[in-house]
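Work through the exercises below with the model open. Try each task before reading its solution.

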Amino acid sequence: MNSIPCVIMRGGTSRGPFIRMKDLPSDQAQQADILLSLMGSGHALQIDGIGGGDPLTSKVAIVERSSHPDADVDYLFAQVDVVNKRVDFNPNCGNMLSAVGPYAIETGLVEPQDGTTVVKVHNLNTQRLIECHVPTPGKQVQYEGSVTISGVPGSAAGIQLSFLDIMGSKTGQLLPTGNACDEIEGVEVSCIDAATPIMLLRAESVGLTGHEAPAELDNNAALLTRLETLRREAGRRMGMGDVSQSVLPKVVLISEAEAASHTLNVRYFVPHRCHKAIAVTGAMAVAAATNLPGSVANHMAISTQKLSAGQLLSQITLEHPSGSIELTAEYRQQNAFDLARVSLIRTARKIMSGQIFYATPPKEVGHHAIETVD
């Protein structure tokens with residue numbers, strides 16, 4: 001069997017192997033074959049690999065020194081299907097990104113500073129830049145700390161992620177349809193592209209409260225069919241063509257937050273199942289939508305008195321099935337259409353390092369679009 005160096009890490013609410021690009025073949029189809037083997041895909045338990053039988057633990061981060069003038073490292077995210085032998089290199093994963101900074105320091109790609117080390121990451125999935133502020137007292141990565149995040153037991157050291165210029169990450173436009181609000185089959189939706197493309201709508205517009213558990217939503221076949229119909233039309237209007245075989249755009253249902261200090265309540269689909277929390281990139285898209293005049297999210301935030309018309313919220317807290325996520329939005333000249341950066345705090349942990357083994361893959365497998373969970 002073949003082997004390559006590997007570090008298994010938890011990043012945010014996800015987990016997976018971190019490997020160097022130099023240790024993989026340059027051809028992406030061959031890369032996909034290796035990832036399928038080392039994760040054990042093709043079996044519900046991924047029993048023959050290190051995948052955990054769940055999309056949240058069937059992710060891979062590929063990292064290497066960057067040639068980008070403003071970055072230290074490149075980061076390519078890969079979502080590996082659990083049961084089907086398919087890999088998706090299209091979306092970004094903000095949770096796995098939480099561990100890219102620590103990994104880059106641990107493997108000597110970035111020299112640590114005493115106190116905090118800023119690792120500048122170029123994401124190859126979206127061609128965007130992210131700053132990862134990693135605590136490094138004594139020039140050593142600090143994993144232990146008092147920061148807690150929803151969906152992860154215990155506490156750890158906080159890592160600040162600042163995503164720069166996230167508007168138009170896939171379509172090139174913050175409002176791909178040209179409108180802050182569109183109507184599709186009688187339902188008001190907002191089609192936003194910030195960090196990731198989303199179609200956002202009020203939960204009540206499809207007969208829900210918005211506070212249903214993910215399992216209940218997953219078992220509602222009529223709802224999933226309805227949302228998929230709306231999503232496909234939204235994708236077409238966003239200039240993304242036929243999205244029936246794509247994970248993008250994602251669907252987000254919003255409703256009034258239960259806590260007075262929270263901005264909105266969300267249910268995030270990936271795209272045919274409800275996320276047990278919310279993707280980091282999806283949360284950033286919702287944050288951007290909240291401040292966009294005329295959007296569904298902006299209307300709800302105003303109607304629930306979370307903000308006033310014309311106001312820009314810098315601190316946005318989203319409720320989700322596992323808790324909440326807090327984001328900070330920074331705008332240039334207080335312009336809702338000129339979002340400079342979105343920041344949030346995540347945590348990471350190094351689990352193991354060593355050699356990971358993979359079998360010589362069959363020739364018929366490859367990389368295709370699959371459902372992605374962040």
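**Exercise 1: Two serines**

Leaving aside neighbours within four places in sequence, S324 is in contact with S150, H262, T317, L318 and E319; contact means heavy atoms within 4.5 Å. The model is predicted: local features need pLDDT of at least 70, side-chain atom pairs count only at pLDDT 80 or more, and totals for chains, interfaces and linings use all residues. Residues are numbered from 1 along each chain as its sequence is written, and side-chain values use heavy atoms, with hydrogens and water left out.

Task: Place S324 in its element, then state its exposure class.

Solution.
- Step 1. S324 sits in strand β15, residues 323-331. Helices (H or I, at least four residues) and strands (E, at least two) are DSSP runs, numbered from the N terminus.
- Step 2. The relative accessibility of S324 is 23%. Buried means under 20% relative accessible area, exposed over 50%, and partly exposed in between (1.4 Å probe, protein chains only). S324 therefore counts as partly exposed.
- Step 3. Add a distance in space. G151 is 173 residues from S324 in sequence, yet their C-alpha atoms are 9.3 Å apart.

Task: Is S58 buried or exposed? Which residues does S58 contact, leaving aside neighbours within four places in sequence?

Solution.
- Step 1. Find S58 in the loop between α1 (28-39) and β3 (59-65).
- Step 2. Its relative accessible area is 0%, so S58 is buried.
- Step 3. With neighbours within four places left aside, the contacts of S58 are R15, M39, Q46, A78, Q79, V80, D81 and V82.

**Exercise 2: Helix α1**

Task: Check the length of α1 against the expected span. Then find what its buried residues pack against.

Solution.
- Step 1. The expected span of a helix is 1.5 Å times one less than its number of residues. For the 12 residues of α1 that gives 16 Å.
- Step 2. The end C-alpha atoms of α1 are 16 Å apart, so the span agrees.
- Step 3. Nine of the 12 residues in α1 are buried, and the helix is mostly covered. The buried residues are Q31, A32, D33, I34, L35, L36, S37, L38 and M39.
- Step 4. The buried residues of α1 pack against β2 (14-20), β3, β4 (73-80), β5 (87-88) and β17 (348-358).

**Exercise 3: A loop leucine**

Task: Describe the surroundings of L208.

Solution.
- Step 1. L208 belongs to the loop between β11 (196-202) and α4 (214-218).
- Step 2. At 13% relative accessible area, L208 is buried.
- Step 3. Leaving aside neighbours within four places in sequence, L208 contacts A203, L217, L223 and L253.
- Step 4. L223 lies 15 residues from L208 along the chain, with 9.4 Å between their C-alpha atoms.

**Exercise 4: Backbone exceptions**

Most residues other than glycine have a negative phi, and most peptide bonds are trans.

Task: Which residue does the cis peptide bond from L248 lead to? Which does the cis bond from V270 lead to?

Solution.
- Step 1. The bond from L248 leads to P249, with omega near 0°. P249 is in the loop between α5 (221-237) and β12 (250-255).
- Step 2. The bond from V270 leads to P271, with omega near -10°. P271 is in the loop between β13 (264-269) and α6 (280-290).

Task: Locate D165 and Q305, and give the phi of each.

Solution.
- Step 1. D165 lies in the loop between β8 (159-164) and β9 (182-184). Its phi is near 45°, positive in a residue other than glycine. At 35% relative accessibility, D165 is partly exposed.
- Step 2. Q305 is in the loop between α7 (296-303) and β14 (315-320). Its phi is about 60°, again positive without being a glycine. Q305 is exposed, at 73% relative accessible area.

**Exercise 5: The whole chain**

Task: Compare the radius of gyration of the chain with the globule rule.

Solution.
- Step 1. The rule is 2.2 Å times the number of residues to the power 0.38, and the radius is taken over C-alpha atoms.
- Step 2. For 374 residues, a compact globule would have a radius near 21 Å; the chain has 20 Å, which agrees.
- Step 3. Along the principal axes, the C-alpha atoms fill a box of roughly 55 × 50 × 35 Å.
- Step 4. Complete the picture. The chain has seven helices and 17 strands, and 57% of its 374 residues are buried.
- Step 5. Among contacts between residues at least 6 apart in sequence, 65% join residues at least 24 apart.
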